[in-house]
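Good morning, and thank you for making the time. I would like to take you through one structure, beginning with its charged side chains and then turning to its strands and helices.

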Amino acid sequence: MKAAVLCELGKPPRFAEFSDPAAGAGEAIVRVLAASLKPIDRQLAAGTHYASPRALPVVCGTDGVGQLADGTRIFFGGPRRPYGAMAEQTVVPAGFCFSVPEGLDDARAAALPNPGVSALLSLNSRARVAKGETVLILGATGITGTLAVQIAKLLGAGRVVAAGRNPEALERLPELGADATIQLDQPEEELKKAFTREGGDGGFHVIIDYVWGRPTEVLLAAITRSEFAAVNPEIRLLQVGESAGPAISLHAAVLRSTALTILGTAGMPAPEVLVAAMHQVLAWGAAGTIRIETEQVRLSDIEQAWQRTERQRLVLIP
Ligand SMILES: NC(=O)c1ccc[n+]([C@@H]2O[C@H](COP(=O)([O-])OP(=O)(O)OC[C@H]3O[C@@H](n4cnc5c(N)ncnc54)[C@H](OP(=O)(O)O)[C@@H]3O)[C@@H](O)[C@H]2O)c1
């Protein structure tokens, strides 16, 4: 079969021949219809992700949409290495196949679950956002952050503040539910003031952080108190991505002067939690309740697609 084959960490995969997969116990063979190209695919192939492959060659791609032998159209995840989603066929755990509702085309069905489920679980399972709370999305101009803005509103957040760099993308966020926007790439003193202003008197209850690095350091400086005072309600900062940097310098003062709790996404969720979130996101997608922009690219063009930086999610079609 043809596939996006990675032979060396740090290099783009190539469109090449790869052996056909065979199913073991509890596995299913999928004829792939569409597979999205996400930051995690690039991080895994670059060798910078904790789960980057130790043995090569492998086929790239962590999830996609395809057909089972009986013709059912499904979203699948977790291909068994060395197989991957960016191929004509793959092999996945039978339990990681979810039927795709009508009304959701292959490209959107392939693109939506990873960022949508991540955003939903980040907000409800991990950060436990409650109705009426103020939520800050750091990196709201990205694909996952844009979905987090929409889903935070659906979950009943009282005020959603969206922070990002790209002015055009930032401008579109109010129509998706953002109550205010913050330009991340402004001078740091101004950015600090913007975080303070948009947090309002009650401050942020939940922060979903897709950027980390310097913007997060400026945010933490903004919420650090400079006087002895009764502490505000808990601030739950959820670390999800590292688009601006893999590390921050964490000053003790922010932890001692506020009720800040820093959480991580904590690996894979429990199966029943994942299944419920997957069905919810696919249903919202099919109903048009949440939106994602996609662009379809031929799998044979994988090398060029790998180097692109478009704002819409690229979806590879075998
Ligand atoms: N753990 C999980 O479950 C999970 C799931 C999905 C995503 N993620 C992670 O979350 C991050 C974002 O994913 P995505 O799908 O939204 O990616 P994306 O569409 O490429 O968006 C990247 C976001 O990061 C911002 N950004 C990039 N470089 C930056 C910098 N130097 N300084 C400040 N902001 C910067 C971008 O801002 P502009 O576009 O405005 O420049 C944009 O908001 C990635 O690290 C990804 O791996 C994790």
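Let me begin with a network of salt bridges, which links K38, D41 and D63. By salt bridge I mean a side-chain nitrogen of Lys or Arg within 4 Å of a carboxyl oxygen of Asp or Glu. In total, the structure holds 19 salt bridges.

A word on the basis of these values. This is a predicted model, in which local features need pLDDT of at least 70 and side-chain atom pairs count only at pLDDT 80 or more, while totals for chains, interfaces and linings use all residues. Residues are numbered from 1 along each chain as its sequence is written, and side-chain values use heavy atoms, with hydrogens and water left out.

Three further pairs deserve attention. E27 forms a salt bridge with R80, and the closest N and O atoms are 2.6 Å apart. This pair links distant parts of the chain: E27 belongs to strand 3, R80 to the loop between strand 6 (73–77) and strand 7, and the two are 53 residues apart. Helices here are DSSP runs of H or I with at least four residues, strands are runs of E with at least two, and both are numbered from the N terminus. E27 has a relative accessible area of 22% and is partly exposed; R80, at 33%, is also partly exposed. The scale is as follows: buried means under 20% relative accessible area, exposed means over 50%, and partly exposed lies in between, with a 1.4 Å probe and protein chains only.

The second pair is R128 and E234, whose side chains meet in a salt bridge at 3.8 Å, N to O. R128 lies in the loop between helix 3 (113–126) and strand 9, and E234 in the loop between helix 7 and strand 13, so the pair ties together parts that are 106 residues apart in sequence. R128 is partly exposed at 45%, and E234 is partly exposed at 31%.

The third pair joins R308 and E310, with 2.9 Å from N to O. R308 is partly exposed, with a relative accessible area of 26%, and E310 is partly exposed at 38%.

I turn now to strand 3. Is strand 3 (residues 27–37) largely enclosed or left open by the rest of the structure? Eight of its eleven residues are buried, so strand 3 is largely enclosed. Its partners are found by a simple rule: two strands pair if DSSP finds at least two bridges between them. Strand 3 runs antiparallel to strand 7 (residues 89–93), with five bridges joining them; there, A28 has V92 as its bridge partner. With strand 5 (residues 63–67), strand 3 pairs in the antiparallel sense over three bridges, and A34 is matched with V65. Three bridges also connect strand 3 to strand 16 (residues 313–317), again antiparallel, where V315 is the bridge partner of S36.

Next, a residue in helix 10 (residues 302–306), namely A305. A305 is buried, with a relative accessible area of 1%. Which residues are in contact with A305, leaving aside its neighbours within four places in sequence? They are L37, R42, V297, L314 and L316, where contact means heavy atoms within 4.5 Å.

The second sheet I wish to discuss is open, with six strands in the order 11-10-9-12-13-14 and parallel pairing. Its edge strands, each pairing on one side only, are strand 11 (180–183) and strand 14 (260–264). From one strand to the next, the twist averages 20°. Within this sheet, strand 9 (residues 134–138) and strand 10 (residues 159–164) run parallel and are joined by five bridges; I137 has A162 as its bridge partner in strand 10.

Helix 7 (residues 213–223) lies across strand 9, strand 12 (206–209), strand 13 (235–239) and strand 14, and runs at about 175° to strand 13. For such angles, axes are lines fitted to C-alpha atoms, for helices over the stretch in contact, and the range is 0 to 180 degrees between N-to-C directions.

I close with L250, which lies in the loop between strand 13 and helix 8 (252–257). At 41% relative accessibility, L250 counts as partly exposed.
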